Amino acid sequence: MDQLSAMRVFVRVVEMGNFTRAAASLNMPKTTVTNLVQSLEARLSTKLLNRTTRRVMVTTDGALYYERALQIIGDVDELDNSLSTSQAQPSGRLRIEMAGIFADLIVLPGMCDFHSQFPQIQLDIGVGDRLVDYIAENVDCALRGGTPADQSLIARKVGELRLHCYAAPRYLERFGHPQHPEDLATSHYCVGYLHASSGRVWTMDFTRGEEFCQVDPRYIISVNDSRTYLNAAVSGLGVVQSAPFFVKDALAKGELVPILTDWQCERLPLYIVYPRTRHLSNKVRVFIDWLVRQLQVIDRIPFDLDVTDFQRKAS
């Protein structure tokens, strides 16, 4: 028996909760998975799992073995990666989750460059801002806006996006211009953005000099997708906060205009997140490094000048 392989299989069974799902995620026959775990138990002369018809439960010994096995597997993978990094190109499938607007405007425009550098990596990009079961869905990492609240995830900050407030001319014709951020909670409407984990609408934070204002936005409609969020604003359904990079086409077409320009919106931090139980592979490392460079290029583009230009044209 290959003990390291058996340990990997045991860890996956614990994470997936039963043998069938573990076998599917490992692309192995269920009998092979079962035999490897049974061989491991025989070698250790202890029961690691209690089986029922629906799922498996970890024994006390199994829980201890699981924690230690994770450390050992992580150490072995890190050692392998450290020796192979300079000798071989990273390869394999990389499963990433991100909001659609991140995929459209940050990642996809640079994919040809990424592929030319790492031709042996195949990317599977899941689009949407939703809760992800990283283990069950075999997701390597996710690009998320906002500070992650899930303590079971490791989060690496990869950048920040400057935000401004925008509204459609048709909205402003109907409701007028808000004069203060607090108007967005009383006499005006926003497009609400639903937080994936809590189901609550994101608050909006503003600063002006020493002033700070946090708004619970009043809304006609709330959504949980970034592209729908901006489309709702273009349709005149309310005020949004967005990075100028994401609305540059709508600004150029006159579909959106900046508002509340004397206030600064809190920057949106961007994080790559991945589960603590999953070792950061070399293919994930090179993707993160490439993404950081992409975001640095975006941040150097002086989109704040767009706001100044629109202010001048409006006056």
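## Close-up views of a predicted model

**View 1. The buried residues of helix H8.** Helix H8 spans residues 226–234, and its buried residues are Ser226, Tyr229, Leu230, Ala232 and Ala233. These residues lie on the same side of H8, because they cover an arc of only 155° around the axis. The model shown here and in the other views is predicted.

**View 2. What the buried residues of H8 pack against.** Two helices are among the partners of the buried H8 residues: H5 (100–107) and H9 (244–253). The buried residues of H8 also pack against four strands, namely E8 (190–193), E9 (204–208), E11 (219–223) and E12 (240–242).

**View 3. The two ends of H8.** At the N-terminal end of H8, Asp225 acts as a cap. A side-chain oxygen of Asp225 lies 3.1 Å from the backbone nitrogen of Arg227. Just after H8 comes Gly236, with a positive phi of about 90°.

**View 4. A salt bridge within helix H1.** Side chains of opposite charge can pair when their charged atoms come close. In the whole structure, a search finds 12 salt bridges, and one joins Glu15 to Arg12, with the closest N and O atoms 3.5 Å apart. Both residues belong to helix H1 (residues 3–16), where Glu15 and Arg12 are three residues apart, or about one turn of the helix. An α-helix has 3.6 residues a turn, so residues three or four places apart point the same way. Buried or exposed: how does Arg12 count? Arg12 counts as buried because its relative accessibility is 12%, under the 20% limit. Glu15 has a relative accessible area of 21% and is partly exposed.

**View 5. The salt bridge of Arg95 and Glu97.** Arg95 and Glu97 meet through their side chains in a salt bridge, at 2.8 Å from N to O. Glu97 is buried, at 1% relative accessibility. Salt bridges with shared partners join Arg95, Glu97 and Arg130 into one network. Arg95 counts as partly exposed, with a relative accessibility of 22%.

**View 6. The salt bridge of Asp249 and Lys248.** Which residue forms a salt bridge with Asp249? The partner is Lys248, and the closest N and O atoms of the pair are 3.9 Å apart. Lys248 has a relative accessible area of 31%, so this residue is partly exposed.

Key. Residues numbered from 1 in each chain as written. Predicted model: local features only at pLDDT ≥ 70, side-chain atom pairs only at ≥ 80, totals over all residues. Heavy atoms only, no water. Buried < 20%, exposed > 50% of the residue type's maximum accessible area, 1.4 Å probe, protein only. Arc of directions from axis to C-beta. Contact = heavy atoms within 4.5 Å. Polar contact = N/O pair within 3.5 Å; in protein donor to acceptor, adjacent residues only side chain to side chain. Salt bridge = Lys/Arg side-chain N within 4 Å of Asp/Glu carboxyl O.
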